[in-house]
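Me: Hi! I've got a model open and I'd like to walk through its packing with you. Can we take it piece by piece?

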Amino acid sequence: MQIPLVDLHAQHQTIKREVMTPFIATVEAIALAGARPVFVDIDPDTYTLDWRQLDHSLTPRTRSIIPVHLYGHPVEMQPVMAFARAHGLRVIEDASQAHGATYQGQRVGSFGDIGCFSLYYSKNLGAYGEAGICVTNDSQLAENIRLLRDHGSRLRYQHEVLGVNARLDELQAAVLRVKLRYLEAWNAARQGHAQFYAQHLRRVVEPVPVVRPWGTHVYCYYVVQVPERDHFRKVLEQEGVATGIHYPVPIHLQPACAHYGYMRGTLPITEAVTEHIVSLPMYPELTAEQREQVVNAIKKSFVVGVSRL
C-alpha cells in the first residue's frame, strides 16, 4: 500500500494538507490519508509530471509532491527535489512502473523521502498476486511505515496508532526474491523490443516513446499516439495483436474526483494525449516473430485507414 507522508491522525482532521500528483493510485492514498490531491499536468513527451507546473499549483497548504515515474520513464527529479527543498516539502516517489529505471545514474525511488513500488503481477517486477513495498533512508519514517502496515503495532495486540493490514505475505516475498534476480535481464529485453519498435515505427506512428539523455527507460508499457484510436485497435485485433490504453480518462475528470472541482481544460496536455494513446505489446518474452507481427499490423492499419478516406 502506498502511504503518503502525512500526520498519522490526518484522517480525523479537517483537510489542511495538499499533495501534488498526476496519478489515480496516488490520489486514492492521498485522499484516504485525509489530504487533498492537487493535480499537475504532464510533460507532453514523457507523460510524466511537468516540474515547471509545480509553482502554479503551490499553495500555503501544500505539504508534499508525489512524482510518478510513468510507463517506465523517470520524472526529471533534480528540479523536483530543488523545488521541494526550497519550499520545505516532502517528496514521495511513485516508482510502480519503473523498477530499475535511473535518473542521472541513480535508481528511481531513492531520491525522495519515500519511494513506493507496486509489485502487481504485470509490472516489470511482479509478485504472484498483489504486493508492494515502500523504501526510505529515514529511520523514523521507516518505523512509522512499519507501524502503519501492521495495525499500528510493534508487539502483537499492542497498538500505538491506528494503522492498516498492509503486510507482504511470505508467498509473495518468496516469489519476488527469485524474480528480482532477473529484473535487469528482463528490463534489457524490454529495451531491446522498444528499440526494434522505434526503428520500424518511426515515421509510421508519431510520436514513439522518447528517452531523455539524463534517464533510462524500462518500458513497463510501450505507448504511442494514433489519430484514429478505435480503428487502429480494431485492425490490430483482427491481425491477432492485443492493445491497451493506459489511461483513457484523466484523473481530474474521473467521477471519483468530481468533488475536487476540476473541469475539462484544466490539464490540457493530459486531456489531449489521453484521446490518442495506445499501449502496444511489451513484455520480456516477446519473440522476433511477434514483434514483426505487431509492426506489420500497425502498418496495415494505416494503409486501411487511408483506403477509407
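Me: Which residue lies over the face of Phe196?
Reply: Happy to help, and keep in mind that this is a predicted model. Arg291 lies over the face of Phe196, at 4.3 Å from the ring centre.

Me: Thanks. Now the largest nonpolar core: which of its residues touch the most other members?
Reply: That core has 24 residues, and Met20, Phe39, Leu54, Ile65, Met77 and Val80 touch the most other members. Strand 2 (36-39) and helix 3 (77-87) each supply at least two residues of this core. The largest share, five residues, comes from helix 3.

Me: What does Met20 touch, leaving out residues up to four places away in sequence?
Reply: Quite a list: Val38, Val40, Leu54, Ser57, Leu58, Thr62, Ser64, Ile65, Ile66, Phe83 and Leu89. Apart from the core we just discussed lies another one, of 22 residues, with Tyr197, Phe232, Val241 and Leu280 among them.

Me: Leu280 is in strand 12, right? Which residues are on each side of that strand?
Reply: Yes, strand 12 covers residues 277-280. Ile277 and Ser279 are on one side, Val278 and Leu280 on the other, and all of them are buried, so both faces are covered. In a regular strand the side chains alternate between the two faces of the sheet.

Me: And how many bridges join strand 11 to strand 12?
Reply: Four, and the two strands run antiparallel. Strand 11 is residues 222-225, and Tyr222 has Leu280 as its bridge partner in strand 12.

Me: Switching to rings: how many aromatic pairs are there in the whole structure?
Reply: A search finds 11. One of them is Tyr103 with Phe111, an edge-to-face pair at 5.6 Å centre to centre and 70° between the planes.

Me: Is Tyr103 buried or exposed?
Reply: Buried, because its relative accessibility is 2% and the cut-off for buried is under 20%.

Me: Why is the pair of Tyr120 and Tyr121 tilted?
Reply: Their planes are at 50°, so the pair counts as tilted, since stacked needs under 30 degrees and edge-to-face over 60. The ring centres are 4.6 Å apart.

Me: How accessible are those two?
Reply: Tyr120 is partly exposed, with a relative accessible area of 30%, while Tyr121 counts as exposed at 53%.

Me: Last one: which residues do ring pairs link into a cluster with Phe39?
Reply: Tyr260 and Tyr262. You've met Phe39 already, among the residues that touch the most other members of the largest nonpolar core.

Key:
Residues numbered from 1 in each chain as written. Predicted model: local features only at pLDDT ≥ 70, side-chain atom pairs only at ≥ 80, totals over all residues. Heavy atoms only, no water. Core = buried A, V, L, I, M, F, W, Y, C linked by side-chain atoms within 4.5 Å. Buried < 20%, exposed > 50% of the residue type's maximum accessible area, 1.4 Å probe, protein only. Contact = heavy atoms within 4.5 Å. Pairing = 2+ DSSP bridges. Phe/Tyr/Trp six-rings, centres within 6.5 Å; stacked < 30°, edge-to-face > 60°. Lys NZ or Arg CZ within 6 Å of the ring centre and 35° of its normal.
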